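Please look at the chain shown below and keep it in view while reading. The report that follows takes one helix pair as its starting point and then moves outward.

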Amino acid sequence: MKKILKSLSLFILVLLGLTACATKETSKVSKNKHNEPVVTVTTSFLNDMVKELAGNYVKRELIIPAGEDPHLYVAKSSDLKKLQEADLVLYHGLHFEGKMVDALESKGSAVTKGFSKEDIGTMDEDGEKVVDPHFWFDIDLYKKAVKEASKELKSLVPEHKKEIAKNTKEYLSDLDELDQWNKEALSVIPKESRYLVTPHDAFNYFARRYDFTLYAPQGVSTDSEVANSDMMETVNLINEHHIKAIFTESTTNPERMKKLQEAVAAKGGKVAVVTGHGKELFSDSLAPDGQDGDTYIDMYKHNTKLIVESLQ
Ligand SMILES: [Zn+2]
């Protein structure tokens with residue numbers, strides 16, 4: 001499988017090179033009519049971040065649409081064009097955009113590149129320690145990423161350096177407020193109920209920051225089948241701690257959590273599955289534009305409210 005991925009990445013790189021040759025002549029004239037520099041971002045998180053920091057001074061291009069799973073997303077030829085034509089490419093890094101790594105490393109700038117070893121969590125995947133990419137649920141780390149993006153944007157549009165610096169300062173203060181709001185909202189959940197059971201391992205940073213124990217039977221990846229032994233371990237945990245509710249996510253299949261619920265019932269327990277439109281946790285994507293959770297701050301509040309009402 002790894003070999004196939006490697007040759008696929010090589011193919012993408014070659015394709016990128018070809019696109020580069022083909023579009024070189026036209027890339028200057030293809031800029032938008034206001035002549036703003038183009039910033040291509042991989043995810044809805046970064047789209048929102050760039051909008052907050054420099055929305056009036058750059059044109060944004062998004063690669064992975066909101067609602068799609070970045071772990072599994074494979075770049076289309078139109079995406080490679082967006083990468084090639086961008087004046088700046090921002091991506092998460094930490095192998096979040098797992099199937100686009102080579103293309104991004106050759107052209108883009110990772111907002112996590114200044115993270116220290118201590119910042120970055122690790123997790124277990126099939127007995128192997130892997131980097132945990134879901135840093136955005138630690139608001140301090142999200143602020144670090146904001147600062148990195150701000151630096152890149154200021155050097156991209158130095159004529160608006162001052163305005164971007166002002167936007168950055170205000171946004172960082174909004175993020176501090178959000179952190180405080182989260183702490184207060186979550187404080188109503190008693191210590192013995194602070195167990196978060198989610199499909200895949202996206203909430204380790206959340207758990208670390210707000211003192212929860214996380215169980216994710218699917219592991220770090222979103223394409224692995226849940227191993228039976230992991231499932232039974234989670235079933236036992238749910239029954240032992242009388243966990244009231246388990247969660248689904250907007251980017252993964254809710255059926256797995258329903259299977260877990262059945263397995264709990266088979267062992268004599270009872271647990272609710274929090275699911276359905278507006279009742280899913282946002283883990284790896286914001287909501288599509290115009291829906292509740294379409295900004296980072298609203299997404300986080302949505303998650304916190306859902307966790308509070310389901311577990312308190
Ligand atoms: Zn994930």
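In this model, which is predicted, helix α2 (residues 44-54) packs with helix α6 (residues 161-186) at an angle of about 120°, and their axes are 7 Å apart. Angles of 65 to 115 degrees count as roughly perpendicular and those over 145 as roughly antiparallel, and α2 and α6 are therefore described as oblique to each other. On the α2 side the residues that meet the partner are E52, L53 and A54, while α6 contributes I164, N167, T168 and Y171. Sorted by class, the contact of α2 with α6 has 4 nonpolar, 2 polar and 1 charged residues.

**The surroundings of α2**

How many of the 11 residues of α2 are buried? The number is 10 of the 11, so α2 is largely enclosed by the rest of the structure. The buried residues of α2 are S44, F45, L46, N47, D48, M49, V50, E52, L53 and A54. These buried residues pack against the strands β1 (38-41), β2 (59-62) and β3 (88-91), and also against the helices α5, α6 and α10 (296-311). V50 can serve as an example from this helix: leaving aside residues up to four places away in sequence, V50 touches V39, V41, V58, R60, L90, A149 and L153.

**The largest nonpolar core**

The largest nonpolar core has 74 residues, and those that touch the most other members are M49, V50, L90, A149, V197 and I246. Helix α5 (residues 139-156) gives the most to this core, with 7 residues. Domain 1 (2-177) and domain 2 (187-311) both give residues to the core, so it lies between them.

**A buried residue in α6**

Returning to helix α6, we find N182 placed in it. Is N182 buried or exposed? N182 is buried, because 21 other C-beta atoms lie within 10 Å. Apart from residues up to four places away in sequence, N182 touches Y210, Y300 and T304. The C-alpha atoms of N182 and N303 are separated by 9.7 Å, although the two residues are 121 residues apart along the chain.

**Two residues with a positive phi**

Most residues other than glycine have a negative phi. Against that background, the two residues in the table deserve a careful look, since each has a positive phi although it is not a glycine.

| Residue | Phi | Loop | C-beta atoms within 10 Å |
|---|---|---|---|
| D211 | about 65° | between α7 (204-210) and β8 (213-215) | 12 other C-beta atoms |
| H242 | about 50° | between α8 (228-240) and β9 (245-247) | 12 C-beta neighbours |

D211 is exposed, with 12 other C-beta atoms within 10 Å, and H242 likewise counts as exposed, with 12 C-beta neighbours inside 10 Å.

**The chain as a whole**

The secondary structure of the protein chain comes to 10 helices and 10 strands, and of its 312 residues, 41% count as buried. When the contacts with a separation of 6 or more are considered, residues 24 or more positions apart account for 63% of them.

Technical notes:
Residues numbered from 1 in each chain as written. Predicted model: local features only at pLDDT ≥ 70, side-chain atom pairs only at ≥ 80, totals over all residues. Helix = DSSP H or I, 4+ residues; strand = E, 2+ residues; numbered from the N terminus. Buried ≥ 20, exposed ≤ 12 C-beta atoms within 10 Å, placed from the backbone. Contact = placed C-beta atoms within 7 Å. Axes fitted to C-alpha atoms, helices over the stretch in contact; angles between N-to-C directions. Parallel < 35°, antiparallel > 145°, perpendicular 65-115°, else oblique. Nonpolar A, V, L, I, M, F, W, Y, C, P; charged D, E, K, R; others polar. Core = buried A, V, L, I, M, F, W, Y, C linked by C-beta atoms within 7 Å. Domains from an automatic or database assignment.
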